[in-house]
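This report walks through a chain fold, from its overall make-up to its helix contacts and a few individual residues. Please keep the sequence and the coordinates at hand while reading.

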Amino acid sequence: MTRRPRNDHLSTLLRLAGWSQGETARRVNARARDLGHRGIAVDTARVGRWLGGERPRPPVDRVLAFVLGDHLDRALEPADLGLADPTGDPLAPGWNPATMGESLQALTGSDLMLNRRDLLHGVTGASLAVTMGRLWNSIPDAPEPVIGAAPGAAGGTDWLDSDALDRLEAVIGHWRAADDAHGGALFRDAVVAQLRTVAHGLADRPVTPLTTRLFAVVADLAGLAAWMSHDTARFAAAQRYWAFGVMASRRAGQPGRGAELISRMAHQRVFFGHPADALELLDVADRVACQADPDHRLQAMLTAQRGRMLAATGDAHSAQYFLACAGDLLATAEQHCEPAADWISYFTAAELAGATAVSRRDLRELHDQDIGAASAAFADAVLLRDPGYDRCQAMDRVGQAAALLSERQPEQACTVAHRALHTAAGLDSTLIRSRILTLTDAAGPFQRHPDVLALRERTSGMAVAGTIPAA
């Protein structure tokens, strides 16, 4: 019989914490209760087995990492405790649909309780695309709903009915609009808390039309929590929420929604300056989207994303081709009045103009290639934006001002920039602060220009260079 290697990582961390095996068990049990895991009961002997090489099952491994990290004031993952399965998924302790509710409760609970931006480590490189492809393909298709099946909630009165889901969908729409108008910081914790509550209701339910709809609600909440986390610089938490959203989309039978969520992860990778990783994720998103009913708006968004990311790699010809194709697809969707789900309705001519603008900017700034004035495309985006998209409006105008500086038009740039900064000052958004960094960089050659000097003074407190990537 093969003997398990002793877990020296965990042993060292327990010594640093000054905890005995009994104290470790007590703290894990107490925190598990706080997080809503009523069935966890760890004893001294179990901790001893962990030290001897046994791996605790999810979510116990994450609870243990949580309590140790909190005590030692550092971000810890199960891998840091020597508890990672080398063949497992790098994003989560397990993606078994049966334990999805428990895992999601653990993530949301730890997120809300610690509220630390460095709580989790992100997954980078090609492994992220491999992980997402495996995640989608490893989850079986949702079985056909059984009409008239009992809800099957364990204990107590079941809250799940059509009216409850109507109210949840309405509040998600409210939060989505509030995020567009104000940025993610104000509402992120409320969305995460609602997601935690809904996740508690995922366990032990038969497949019915209501539970299928419930998974769609979870996908929307997880996607919104992810985007708000990204917008508040909680980048690794965003990855995990997007991954949960993808899994919920699969259980809801919504491959189009899953593809859109994967594209958001691709957006994050190009945000960090890794367009090759982003393109690999888009390949996964395209494969998932092929399983959905034809949706020209979704295809337009994915195609525009590909053009934008190819521009970041310096492939101007391909970027122009895909951006033009995206325009054709979007025109088809609008000419045929195709209905747009809430999660893709944001992709309009304004979004396409914004993608064109950043593509032109990247080709010019990063690769010294000129396919048109970025400022003109940003101006188009500003004009085309619907009311209520204050964050996008501010980002478009800041991008336009930075492009005008690059195009040697400082006076016009400053006029546009001051208007943009008036709007941006009322928003709490990492995305806007990152765009302001590009404006600060573009102002560099004009340090003696009086208008630009005044602009730089105004922007100096709105973004701190080096803390977030430029976008």
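What percentage of the 471 residues of the chain count as buried? In this predicted model, 54% of the 471 residues count as buried. The secondary structure consists of 20 helices and zero strands. Among the contacts in the chain with a separation of 6 or more, 76% join residues that lie 24 or more positions apart.

**Nonpolar cores**

The largest nonpolar core has 106 residues, and M132 and F347 are the members with the most contacts inside it. Helix α9, which spans residues 209–231, supplies the largest share of this core, namely 13 residues. Setting aside residues up to four places away in sequence, F347 touches R297, A300, M301, A304, L330 and L352. A second core, separate from the one just described, has 24 residues, including W19, A25, L35 and V63.

**Two helix pairs**

Two packed helices are described by the angle between their axes and the distance between the axes. The table gives both values for two such pairs.

| Helix pair | Angle between axes | Distance between axes |
|---|---|---|
| α9 and α11 (residues 255–271) | about 10 degrees | 11 Å |
| α14 (residues 316–335) and α15 (residues 349–367) | roughly 175 degrees | within 11 Å |

How do α9 and α11 run, roughly parallel or roughly antiparallel? Because their angle of about 10 degrees falls under the limit of 35 degrees, α9 counts as roughly parallel to α11. On the α9 side the contact is made by A219, D220, G223, W227 and H230, and on the α11 side by R257, L261, R264, H267, Q268 and F271. By class, the residues of this contact of α9 with α11 divide into four nonpolar, four polar and three charged.

For α14 and α15, the angle of roughly 175 degrees lies over the limit of 145 degrees, and therefore α14 is roughly antiparallel to α15. Here A316, L323, A326, G327 and L330 of α14 meet A349, L352, A355, T356, S359 and L363 of α15. The contact of α14 with α15 has eight nonpolar residues and three polar ones, with no charged residues. Two residues of this contact, L330 of α14 and L352 of α15, are also among the residues that F347 touches.

S249, which belongs to helix α10 (residues 235–251), can be read alongside the first pair. Not counting residues up to four places away in sequence, S249 touches W136, A219, Q254, R257, G258 and L261, and among these A219 of α9 and both R257 and L261 of α11 take part in the contact between those two helices. S249 has a relative accessible area of 0% and is therefore buried.

**Loop residues with positive phi**

Most residues other than glycine have a negative phi. Against that background, C337, in the loop between α14 and α15, has a positive phi near 50 degrees. D368 is not a glycine either, and its phi is positive at about 55 degrees; this residue is in the loop between α15 and α16 (374–384). Are these two residues buried or exposed? C337 counts as exposed because its relative accessibility is 64%, and D368 is likewise exposed, with a relative accessible area of 70%.

**Pairs distant in sequence**

T12 and L51, although 39 residues apart in sequence, have their C-alpha atoms 10.0 Å apart in space. T12 has its place in helix α1 (residues 8–17), and its relative accessibility of 35% makes it partly exposed. A second pair is formed by D277 and M309, which are 32 residues apart in sequence and 9.6 Å apart in space, C-alpha to C-alpha. D277 lies in helix α12 (residues 275–289) and counts as buried, because its relative accessible area is 15%, which is under the cut-off of 20%.

**Cysteines**

How many disulfides does the count give? With a disulfide taken as a pair of cysteine sulfur atoms within 2.5 Å, the count comes to zero. The cysteines C290 and C392 can be set side by side: C290 counts as exposed at 66% relative accessibility, whereas C392 counts as buried at 16%.

Conventions:
Residues numbered from 1 in each chain as written. Predicted model: local features only at pLDDT ≥ 70, side-chain atom pairs only at ≥ 80, totals over all residues. Heavy atoms only, no water. Buried < 20%, exposed > 50% of the residue type's maximum accessible area, 1.4 Å probe, protein only. Core = buried A, V, L, I, M, F, W, Y, C linked by side-chain atoms within 4.5 Å. Helix = DSSP H or I, 4+ residues; strand = E, 2+ residues; numbered from the N terminus. Contact = heavy atoms within 4.5 Å. Axes fitted to C-alpha atoms, helices over the stretch in contact; angles between N-to-C directions. Parallel < 35°, antiparallel > 145°, perpendicular 65-115°, else oblique. Nonpolar A, V, L, I, M, F, W, Y, C, P; charged D, E, K, R; others polar.
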